[in-house]
Amino acid sequence: MKTQKATYQSSLPLNTRNKLVLRRTRKRFNPRIFIDRTIETTAIASLLFTGFAGVGAMACWGLEIMEINANPNIIISGWEQQKNICLGAMLVSFSAFLGSSLVGASFSIQRDKF
(Lines give C-alpha, C1' and ligand atoms only; values in the text may rest on other atoms or scores of the structure.)
Protein backbone atom coordinates (compact mmCIF):
# COMPACT_ATOMS: atom_id res chain seq x y z
CA MET A 1 0.00 0.00 0.00
CA LYS A 2 1.49 3.31 -1.06
CA THR A 3 0.90 6.48 0.88
CA GLN A 4 0.61 9.77 -0.89
CA LYS A 5 1.45 13.14 0.53
CA ALA A 6 -0.52 16.17 -0.43
CA THR A 7 1.67 19.06 -1.43
CA TYR A 8 0.53 22.63 -1.87
CA GLN A 9 2.02 25.92 -2.75
CA SER A 10 1.63 28.73 -0.30
CA SER A 11 1.81 32.43 -0.87
CA LEU A 12 3.57 32.84 2.46
CA PRO A 13 7.30 33.56 2.59
CA LEU A 14 9.64 30.60 2.89
CA ASN A 15 10.41 31.08 6.57
CA THR A 16 6.72 31.01 7.61
CA ARG A 17 5.52 28.18 5.37
CA ASN A 18 6.43 25.54 7.90
CA LYS A 19 4.77 27.30 10.81
CA LEU A 20 1.16 26.64 11.49
CA VAL A 21 -0.73 29.85 11.93
CA LEU A 22 -4.02 29.62 13.71
CA ARG A 23 -6.27 32.55 14.28
CA ARG A 24 -9.06 31.97 16.63
CA THR A 25 -11.66 34.59 17.18
CA ARG A 26 -12.62 34.70 20.80
CA LYS A 27 -16.15 35.59 21.68
CA ARG A 28 -16.16 38.35 24.19
CA PHE A 29 -18.60 38.33 27.05
CA ASN A 30 -21.17 41.02 26.39
CA PRO A 31 -23.15 41.82 29.55
CA ARG A 32 -25.87 43.62 27.59
CA ILE A 33 -26.69 40.51 25.56
CA PHE A 34 -26.56 38.36 28.70
CA ILE A 35 -28.98 40.67 30.54
CA ASP A 36 -31.33 40.84 27.56
CA ARG A 37 -31.44 37.06 27.21
CA THR A 38 -31.92 36.57 30.94
CA ILE A 39 -34.85 39.00 31.01
CA GLU A 40 -36.38 37.37 27.93
CA THR A 41 -36.02 33.88 29.40
CA THR A 42 -37.51 35.01 32.72
CA ALA A 43 -40.49 36.59 30.97
CA ILE A 44 -41.21 33.50 28.86
CA ALA A 45 -40.75 31.06 31.76
CA SER A 46 -42.95 33.06 34.12
CA LEU A 47 -45.69 33.39 31.51
CA LEU A 48 -45.64 29.63 30.89
CA PHE A 49 -45.71 28.91 34.62
CA THR A 50 -48.65 31.32 35.00
CA GLY A 51 -50.60 29.30 32.44
CA PHE A 52 -49.78 25.97 34.06
CA ALA A 53 -50.67 27.26 37.53
CA GLY A 54 -53.97 28.60 36.17
CA VAL A 55 -54.83 25.22 34.68
CA GLY A 56 -53.90 23.58 37.99
CA ALA A 57 -56.11 26.02 39.91
CA MET A 58 -59.07 25.31 37.63
CA ALA A 59 -58.53 21.56 38.02
CA CYS A 60 -58.40 21.87 41.81
CA TRP A 61 -61.52 24.03 41.75
CA GLY A 62 -63.38 21.35 39.76
CA LEU A 63 -62.20 18.58 42.07
CA GLU A 64 -63.19 20.67 45.08
CA ILE A 65 -66.74 21.04 43.71
CA MET A 66 -66.95 17.30 43.04
CA GLU A 67 -65.72 16.46 46.53
CA ILE A 68 -68.20 18.83 48.20
CA ASN A 69 -71.08 17.48 46.09
CA ALA A 70 -70.13 13.90 46.95
CA ASN A 71 -69.99 14.55 50.70
CA PRO A 72 -71.81 17.69 51.97
CA ASN A 73 -70.36 17.26 55.49
CA ILE A 74 -66.92 18.46 54.33
CA ILE A 75 -66.21 21.95 55.68
CA ILE A 76 -62.69 22.52 54.37
CA SER A 77 -61.59 20.56 51.33
CA GLY A 78 -58.00 19.60 50.66
CA TRP A 79 -58.54 20.73 47.08
CA GLU A 80 -59.41 24.21 48.29
CA GLN A 81 -55.96 24.56 49.82
CA GLN A 82 -54.33 23.27 46.64
CA LYS A 83 -56.42 25.71 44.61
CA ASN A 84 -55.27 28.61 46.78
CA ILE A 85 -51.64 27.52 46.41
CA CYS A 86 -52.00 27.40 42.61
CA LEU A 87 -53.69 30.81 42.56
CA GLY A 88 -50.89 32.27 44.69
CA ALA A 89 -48.22 30.78 42.43
CA MET A 90 -50.09 32.14 39.44
CA LEU A 91 -50.15 35.62 40.94
CA VAL A 92 -46.45 35.55 41.80
CA SER A 93 -45.39 34.27 38.38
CA PHE A 94 -47.58 36.80 36.56
CA SER A 95 -46.01 39.53 38.68
CA ALA A 96 -42.58 38.23 37.66
CA PHE A 97 -43.67 38.38 34.02
CA LEU A 98 -44.85 41.97 34.35
CA GLY A 99 -41.70 42.98 36.21
CA SER A 100 -39.30 41.39 33.74
CA SER A 101 -41.21 42.86 30.80
CA LEU A 102 -41.08 46.31 32.37
CA VAL A 103 -37.34 46.02 33.04
CA GLY A 104 -36.72 44.79 29.48
CA ALA A 105 -38.77 47.63 28.02
CA SER A 106 -36.96 50.21 30.11
CA PHE A 107 -33.58 48.83 28.99
CA SER A 108 -34.60 48.96 25.34
CA ILE A 109 -35.91 52.53 25.73
CA GLN A 110 -32.69 53.54 27.47
CA ARG A 111 -30.64 51.94 24.69
CA ASP A 112 -32.66 53.70 21.97
CA LYS A 113 -32.32 57.01 23.86
CA PHE A 114 -35.84 58.30 23.43
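1. Two rings of Phe, Tyr or Trp count as an aromatic pair if their centres lie within 6.5 Å, and a pair is called tilted when its planes are neither under 30 degrees apart (stacked) nor over 60 (edge-to-face). In this predicted model, a search of the whole structure finds 2 aromatic pairs.

2. One of these aromatic pairs joins Phe-29 and Phe-34, whose rings are 5.8 Å apart from centre to centre, with 50° between the planes, and the pair is tilted. Phe-29 is exposed, its relative accessible area being 62%.

3. Phe-94 and Phe-97 also form a pair, and because their planes stand at 35°, with the ring centres 5.9 Å apart, this pair is tilted. Both residues belong to helix H2, where they are 3 residues apart, about one turn of the helix. In an α-helix there are 3.6 residues a turn, so residues three or four places apart point the same way. Phe-94 is partly exposed, with a relative accessible area of 37%.

4. Helix H1, which covers residues 31–70 and has 40 residues, reaches 57 Å from its first C-alpha to its last, close to the 58 Å expected at 1.5 Å a residue. The buried residues of H1 include Ile-39, Ala-43, Gly-54, Cys-60 and Glu-64, and H2 is part of what covers the buried residues of H1.

5. Which residues does Ser-100 touch, not counting residues up to four places away in sequence? Ser-100, which lies in helix H2 (residues 78–112), touches Ile-39, Thr-42 and Ala-43. Ser-100 is itself buried, since its relative accessible area is 10%, under the 20% cut-off for that term.

Note on methods: Residues are numbered from 1 along each chain as its sequence is written. This is a predicted model: local features need pLDDT of at least 70, side-chain atom pairs count only at pLDDT 80 or more; totals for chains, interfaces and linings use all residues. Side-chain values use heavy atoms; hydrogens and water are left out. Helices (H or I, at least four residues) and strands (E, at least two) are DSSP runs, numbered from the N terminus. Buried means under 20% relative accessible area, exposed over 50%, partly exposed in between (1.4 Å probe, protein chains only). Contact means heavy atoms within 4.5 Å. The expected span of a helix is 1.5 Å times one less than its number of residues. Rings of Phe, Tyr and Trp (its six-membered ring) pair if their centres lie within 6.5 Å; planes under 30 degrees apart count as stacked, over 60 as edge-to-face and the rest as tilted.
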